[in-house]
Structures are given as structure tokens and as C-alpha cells.
Amino acid sequence: MSEQTRRVAVIGDVGGYVEHLRHALGSLGVTDDAWPTDLHVVQVGDLFGGRADIDVARLVAPHIAAGRWTQLAGNWELFAVGGPIVGRAGRQAHPTALAEFAAWYRDGLVQRAATITSSSGVTGVVTHAGIGHAFWMQDLAGEPDPFRVVGRLNSMPIEQIARPGTMMGCDRAPAPGPIWAAAAEVYRDWTVCPWPQIHGHTTVWRQKFGWSQFLPHHFHDRCTADRGHVTFVPSDGSPPIIGIDPALWDRSPLGSLRPLVFSTKPAIAEPMAAS
């Protein structure tokens, strides 16, 4: 990233919906022929979903190669980064798309976590599913520095960062990793999060159903839902945890993949107007 103040747009789970991704990028000023000079994208993983995965990979590849796109690994891409094959409802990510993702990973172009530093100097952590308190204490030793947190996540064995939780039937798992943790598991034990977080993967609120049954009721007053985005503040004065999963598997209408945009110093704090 250049030294000028710029926009960083965090894009949630794409799930293989290429037209949703095109619409989201268009809302940021991206066209087939041009990329805004002030824009960098961080995509939280689950780029694929057993749909138009090859088209999504082709759309993203030149932006990754140009250094204007930071790609995180999600559970749908685990096989490409050394984990097991993952699917849902009889679907799996397309093998050709996974092979492309694996090539990005071998070339050092895929991460498990990233930082974003706002124009006011606040640095937050972006992961696929979010970092729960138990994982922070057990696997990250309560590390307070967001840059060291991201460094450790990016060097961990895949089995550790992808430790399953309730989504994989491991209901008693004390510390699911930030590729598999459900949002309610991420939120449940924090009192003060040491840095802002952004995650995708799951959401605790959907327009059709309201709050998730898995979110403890006393957390509702700490959560704010804004279409596909949920902001959870563990306590007064704590940095927020922001979920941006748009629940595309609910066949949300075009445009539901809504980037969360920050004014940053290159390298989460006050969001600008989200597109």
C-alpha cells in the first residue's frame, strides 16, 4: 500500500456468487478497465461456495497479483491451504478454483489474518471467523499487540487455526479457531477486546429471523444490526467486533454483499459510509 491515506474495503463471504462480487466492487468504483488508485480490498475468505467459483477466481486473480487485494483463507478454501475438503448441502468448491487458490497460497498471496490501521492510528484484526476469548488466551497467550497476533495466526499450523467448534459438532470445544468459530462463540466470553475485530463466516442476525437463538439474550443490547453487518461491543469502552457476513446462502438479493469501508493509513476503527 502507498503512504497516502486511502480506503480499505473489507468484503465478506462471497460464496461463489460472482455477480454479487461484481456489484460490490462496482459500488467501490471498480470497473472492468479501472481500479481506483486509493482502494485496497481485504476479502475475509469463503471466496468460493460451490457455485461460480472459477469465475470468482478469474475475477480476483489479477487484483491479487497486482497487490491491491488481500485474500484470507476461509473454511471453503481449507483444502487449498493444507486442510480437509469442506462442503455444504452437497456442494464443494470447484477443484479448478481450489487449485488456483492453492497456487496463490504457495506464492505467499493468501493469509489467515490481516491488520487494518485507521487514519486515527487504531489497528484492528481481520480474520475469517473471529477470535474468541478462549483462543486468544490459550493459543495466543493473551497477546495484546494486533500485529503480533496476526503474525502468529499466519504462522500457526492449519490444524490449530482451524480447530472446530459448534459448527462441526464439537459443542464442548473450549477454543475454536478463527476459521471455524461461530459468531456467538466469538462474542460469548469477551469483556474487553484488546483490539477491534472484523470477521465473516457466520452472523448472529438475519433480517428474516432476527437474532440467532445461539446468541445469549443479554448480549442483544450489546449488538447493533445494520443489514449484513453486526457490531458487538463487549462492554462500554471496549473496541468492537464487527461481523460482515451477508448470509449469501440465504439467496439474498444482488447488492447484499456490502463492503465495509475504512479511511486508513496503509498498513479498524471509524468506518466511512459503507457502500
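In what follows, Lys and Arg count as positive and Asp and Glu as negative, while His and the chain ends are not counted. The place of a charge is taken as NZ of Lys, CZ of Arg, CG of Asp or CD of Glu. With that in hand, the protein chain has 22 positive and 25 negative side chains, and the centres of the two sets lie 3 Å apart.

Before going on, a word on the model. This is a predicted model, in which local features need pLDDT of at least 70 and side-chain atom pairs count only at pLDDT 80 or more, while totals for chains, interfaces and linings use all residues. Residues are numbered from 1 along each chain as its sequence is written, and side-chain values use heavy atoms, with hydrogens and water left out.

## The whole chain

Let us start with the overall picture. The protein chain holds 7 helices and 15 strands; helices (H or I, at least four residues) and strands (E, at least two) are DSSP runs, numbered from the N terminus. Its radius of gyration is 17 Å, close to the 19 Å that the globule rule gives for 275 residues, so the chain is as compact as a globular protein of that length. Here the radius is taken over C-alpha atoms, and the globule rule is 2.2 Å times the number of residues to the power 0.38. The C-alpha trace spans about 50 × 45 × 40 Å along its principal axes.

Of the 275 residues, 55% count as buried. Buried means under 20% relative accessible area, exposed over 50%, and partly exposed in between (1.4 Å probe, protein chains only). The chain exposes about 11800 Å², and carbon and sulfur atoms supply 52% of that area. Accessible areas come from the Shrake-Rupley method with a 1.4 Å probe; for residues, only the protein chains shown count as cover.

## Strands to look for

Strand 2 (residues 39-43) has 5 of its 5 residues buried, so it is largely enclosed by the rest of the structure. Leu39, Val41 and Gln43 cover one side, with His40 and Val42 on the other, and all are buried. Strand 2 pairs with strand 1 (residues 6-11) in the parallel sense over 5 bridges, where two strands pair if DSSP finds at least two bridges between them. In this pair, isoleucine 11 stands opposite glutamine 43.

Further along, strand 12 (residues 223-226) and strand 13 (residues 229-232) pair in the antiparallel sense over 4 bridges. Cysteine 223 stands opposite phenylalanine 232. The two strands form a hairpin with 2 residues between them, and arginine 227 in the turn has a positive phi of about 55°.

## Some loop residues

The table gathers three residues found in loops.

| Residue | Loop between | Relative accessible area |
|---|---|---|
| Alanine 141 | helix 4 (133-138) and helix 5 (146-155) | 59%, exposed |
| Alanine 175 | helix 6 and helix 7 | 0%, buried |
| Histidine 201 | strand 9 (197-199) and strand 10 (205-206) | 3%, buried |

Alanine 141 has a positive phi near 55° without being a glycine. Histidine 201, also not a glycine, has a positive phi of about 75°.

Arginine 163 lies in the loop between helix 6 (158-161) and helix 7 (183-187). Which residues does arginine 163 contact, leaving aside its neighbours within four places in sequence? They are Phe135, Gln138, Asp139, Ala175, Pro176, Gly177 and Trp180, where contact means heavy atoms within 4.5 Å. With the same kind of neighbours left aside, alanine 175 is in contact with Ala134, Phe135, Gln138, Asp139 and Arg163.
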